[in-house]
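Reader: I have a model open in front of me and would like to go through the terms used for it. Could you take me through the reasoning behind each one?

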Amino acid sequence: MLFTPEEVGSRIQQDYAKLLRIFPADLRVVLEAVISDTEEVKMRFGRPLKIKHGGQWHKYPELVITQNHLTDLRSRIDHIRDDNRAGIDGTGHRISRIPSADGKGTDGFNIRVARFYVGVAELLRKCVEINPSMLIMGMAGKGKSTLLRDYIRIVAEKYDANLTVVDTSNEVAGDGRTPHPGIGEADRYFVPIKAEQHKVMLEAIANNSAQIIAIDELQTRLEAETVKDLSVKASFIATTHGDNITQIIKNTALEPLFYPIALFYWGLVVREIGVYDLYDLRQAVEDVSAGREPQPLETITARIEERGPVPELKPAPVGPPIYLIAEEQDPFGVREAQLSTFDKN
């Protein structure tokens, strides 16, 4: 699924504007100036606003969060799920509620800004041709979900709606009835209750004829066992938390994913946004079982470069367009590829 530069600019515009609209007016003015490189916003009752932009946290002492701020923002959110998370219609932004001591009130919010890139998974196309099944591993904020979205788009080019995204926190396909175009032609199932994620996976296969299930954040033993039980009916693409493949394989909660045989064909460890190691996961499990350190098939590095200005867009400012230059040792024979951004988010 391809996007023109005009479509890219328009989508950036729309998603920034939707995010800015949920904030109270005084906070919105501050955030608007740095929105193009904002990663996360922290609002805590009685404490100054904090915004993580440019890779660092910045405190705004002149803006102390009051109950009015919290009430105002809460009034602009349609629904908060049982895991204290919410989204914004048509985007991948994530809003997390911080409950008060009694669990009834709200002491604050975390707002994580989603980023949708087209092209960051392009060098994984050959993986799709061999076997699309992949487990993406990495720490929070390293770009797992960003890579997952673009990988889903590429897999859906071949498998279309036979690929279903089981969207636990709506960070992959976005909130709202229409999925974000960043996932291409893939289908999407919501997970209304986090604890019942495993039931939604089963429903996607039984009712939606899904041949491939994509899921963000496999964490629990129950989820791992569900994937194992359903692996006879469908292949899986998933993410999980952690940046050391040996430790992840030895994690007892995730043991069903790896023993007696790995359920994913590929393993991808995301070191940071655009930098990741690709493994043959079954070989990696054999190596760990034998006491050896798994070795990646290749290391892929995406270098972010700025390529000049873009026309000013309103109502939200955007930075210059970003291009990803992939440099890697590629056994498939690809030496360099220029990748364009779909959305900075």
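**Strands, helices and cavities**

Author: Happily, and let me begin at one bridge: Pro99 has Thr106 in S6 as its bridge partner. Please keep in mind that this is a predicted model.

Reader: How do you know that strand S5 (residues 94–99) and S6 are paired?

Author: Pairing asks for at least two bridges between two strands. Six bridges join S5 to S6, so the pair meets that cut-off. The two strands run antiparallel. In their hairpin, six residues lie between the strands, and Gly103 there takes a positive phi near 80 degrees.

Reader: What makes S1 a partner of both S2 and S6?

Author: The same test applies on each side, with at least two bridges needed. Strand S1 (residues 38–44) and strand S2 (residues 48–53) share four bridges in the antiparallel sense, and Thr38 stands opposite His53 in S2. On the other side, five bridges join S1 to S6, again antiparallel; Glu40 has Arg112 in S6 as its bridge partner. Both counts therefore satisfy the cut-off of at least two.

Reader: Why are strand S3 (56–64) and strand S4 (85–87) called edge strands?

Author: The order of this open sheet of six strands is S3-S2-S1-S6-S5-S4, with antiparallel pairing. S3 and S4 are the edge strands, as each pairs on one side only. Neighbouring strands in this sheet are turned by 20 degrees against each other on average, direction ignored.

Reader: What makes helix H3 (residues 67–75) a helix that packs on the sheet?

Author: Contact here means heavy atoms within 4.5 Å. H3 touches S1, S3 and strand S6 (106–112), and its direction makes about 55 degrees with that of S6. Helix H2 (residues 25–32) lies across S1, S2 and S3, running at about 145 degrees to S3.

Reader: How many cavities of 30 Å³ or more does the structure hold, and what is the volume of the largest?

Author: There are two of 30 Å³ or more, and the largest has a volume of about 50 Å³. The second largest has a volume of about 40 Å³.

Reader: How do the residues of the lining of the second largest cavity divide?

Author: They divide into five nonpolar, three polar and no charged. Gly143, Thr146 and Gly274 are among the lining residues, and Gly counts as polar, so both glycines belong to the polar group. The lining of the largest cavity has one nonpolar, three polar and five charged residues; Arg85, Asp167 and Glu171 are among those that line the largest cavity.

How values were computed:
Residues numbered from 1 in each chain as written. Predicted model: local features only at pLDDT ≥ 70, side-chain atom pairs only at ≥ 80, totals over all residues. Heavy atoms only, no water. Axes fitted to C-alpha atoms, helices over the stretch in contact; angles between N-to-C directions. 1 Å grid on protein atoms, 1.4 Å probe; cavity = no way out; pocket = protein on both sides within 12 Å on 5 of 7 lines; lining within 4 Å. Points joined across faces, edges and corners; volume = space filled by probe spheres on them.
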